[in-house]
Amino acid sequence: MSTPIPVQQTSTANVLRQFYALTKPRVVQLIVFCALIGMVLAVPGLPSWADVQRAVLACIGIWLVAGAAAAFNCLVEKGIDAKMKRTAWRPTARGQLSDLQALIFSALLCAAGSVLLWFTVNPLTMWLTFATFVGYAVIYTVILKPLTPQNIVIGGASGAMPPVLGWAAMTGDVGPEALILFLIIFLWTPPHFWALALYRVEDYRKAGLPMLPVTHGNEFTRLQVLLYTFILFAACLMPFIYGMSGWLYLAVAVAVSIGFTGYAFALWRNYSDTLARKTFRFSLIHLSVLFLALLVDHYIH
């Protein structure tokens, strides 16, 4: 006969899960992964034990601040989240956590991450990470998202910062290599997000958000997705052209970029929600595989 779990223990575990959900774990994992790639590429050859320690501390600090930005986003957008199927489950949207709880949680994470980065990594990484927090949590969430259909383009600068943060953590500066990685993610963000917005357009319309499919229609958005994948294709070649990667990366970059462009072309020619979902999912594969190829190529190039 199993022993019943005390109510208080169950309740505490549930609250902890709700706070954890505020950090948007899957999104933050991708952020930290991209930052880690920046760290690895910034260190020639195999890292020393000191490099590994610095990278671990930087990843923790970046995770904390990114989680803080996500929690603040959930707080600000709780009314919008409640109207959308994709986000209605969030603890703030369901009223499971109060505004004060979410605000304090976000502030504590941001403060802890900032202190950790300042004292164990370097001040430049702390300021860049904090600027990313402000860019996403305030400029994008509060100002851009409700005002302009170009919100994801301009606000994408914050989402493109992780490799720059990683590079700065290991070198104390921002090199051209880091800016190339920034450019790739910056150009990847619009077609990635608009593919999602295409099949979630009614959610955004109900929420009153001026996403591109809402303001300019399905056909125009599909064309923009296709055009951005062309530009992104060119940007994905830059690590090879600049000399920061070799033939393995080039082969992978060409393959996944052809795949992404192929999905975008098919979506442009003949739209369906199913195809839009597949395009969105492939965009995640595209970025993950691309950065993984950069990581592997770094050690064999």
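**Overall fold and internal packing of the predicted model**

The protein chain contains 15 helices and zero strands. Its radius of gyration is 20 Å, close to the 19 Å that the globule rule gives for 301 residues, so the chain is as compact as a globular protein of that length. The model described here is a predicted one. Along the principal axes, the C-alpha trace spans about 60 × 55 × 50 Å. Of the 301 residues in the chain, 50% are buried. Among contacts with a separation of 6 or more, 75% are made by residues 24 or more positions apart. The accessible surface comes to about 14,000 Å², and carbon and sulfur atoms contribute 69% of that area.

The interior was examined next through its nonpolar cores. The largest nonpolar core comprises 71 residues, and the members with the most contacts inside it are M39, I184, Y204, Y249, L290 and F291. Helix α9, which covers residues 176–199, supplies the largest share of this core, with 14 residues. A second core, separate from this one, has 17 residues, including L22, V65, L75 and F133. Y204, named above among the best-connected members of the largest core, touches M84, R86, F193, L196, A197, L209, M211 and V214 when residues up to four places away in sequence are not counted.

D203 is located in helix α10, formed by residues 201–207. With a relative accessibility of 7%, D203 counts as buried. Apart from neighbours within four places in sequence, D203 is in contact with K83, M84, K85 and R86. The C-alpha atom of D203 is separated by 9.3 Å from that of I80, although the two residues are 123 residues apart along the chain. M84 and R86 are thus named among the contacts of D203 and also among those of Y204.

Aromatic side chains form 13 pairs in the structure. In one of these, F182 and F186 are stacked, with 5.9 Å centre to centre and 10° between the planes. Both residues belong to helix α9, and because they are four residues apart there, about one helical turn separates them. F186 is partly exposed, at 23% relative accessibility. Elsewhere, ring pairs link F72, W118, W127, F130 and F133 into a cluster. One of these residues, F133, is also included in the second nonpolar core.

N122 lies in the loop between α5 (99–120) and α6 (123–144). This loop residue is buried, with a relative accessibility of 11%. Its contacts, leaving aside neighbours within four places in sequence, are R54, L117, A168, A169 and G172.

Cysteine residues were considered last. The structure holds zero disulfides. For C34, the closest cysteine sulfur is that of C59, and the distance of 11 Å between the two sulfurs is too far for a bond. C34 is buried, at 4% relative accessibility. The sulfur of C110 has its closest cysteine sulfur in C74, at 15 Å, and this distance is likewise too far for a bond. C110 is buried as well, with a relative accessible area of 9%.

Notes:
Residues are numbered from 1 along each chain as its sequence is written. This is a predicted model: local features need pLDDT of at least 70, side-chain atom pairs count only at pLDDT 80 or more; totals for chains, interfaces and linings use all residues. Side-chain values use heavy atoms; hydrogens and water are left out. A disulfide is a pair of cysteine sulfur atoms within 2.5 Å. Buried means under 20% relative accessible area, exposed over 50%, partly exposed in between (1.4 Å probe, protein chains only). A nonpolar core is a set of buried Ala, Val, Leu, Ile, Met, Phe, Trp, Tyr and Cys residues joined through side-chain atoms within 4.5 Å. Helices (H or I, at least four residues) and strands (E, at least two) are DSSP runs, numbered from the N terminus. Contact means heavy atoms within 4.5 Å. The radius of gyration is taken over C-alpha atoms; the globule rule is 2.2 Å times the number of residues to the power 0.38. Accessible areas come from the Shrake-Rupley method with a 1.4 Å probe; for residues, only the protein chains shown count as cover. Rings of Phe, Tyr and Trp (its six-membered ring) pair if their centres lie within 6.5 Å; planes under 30 degrees apart count as stacked, over 60 as edge-to-face and the rest as tilted.
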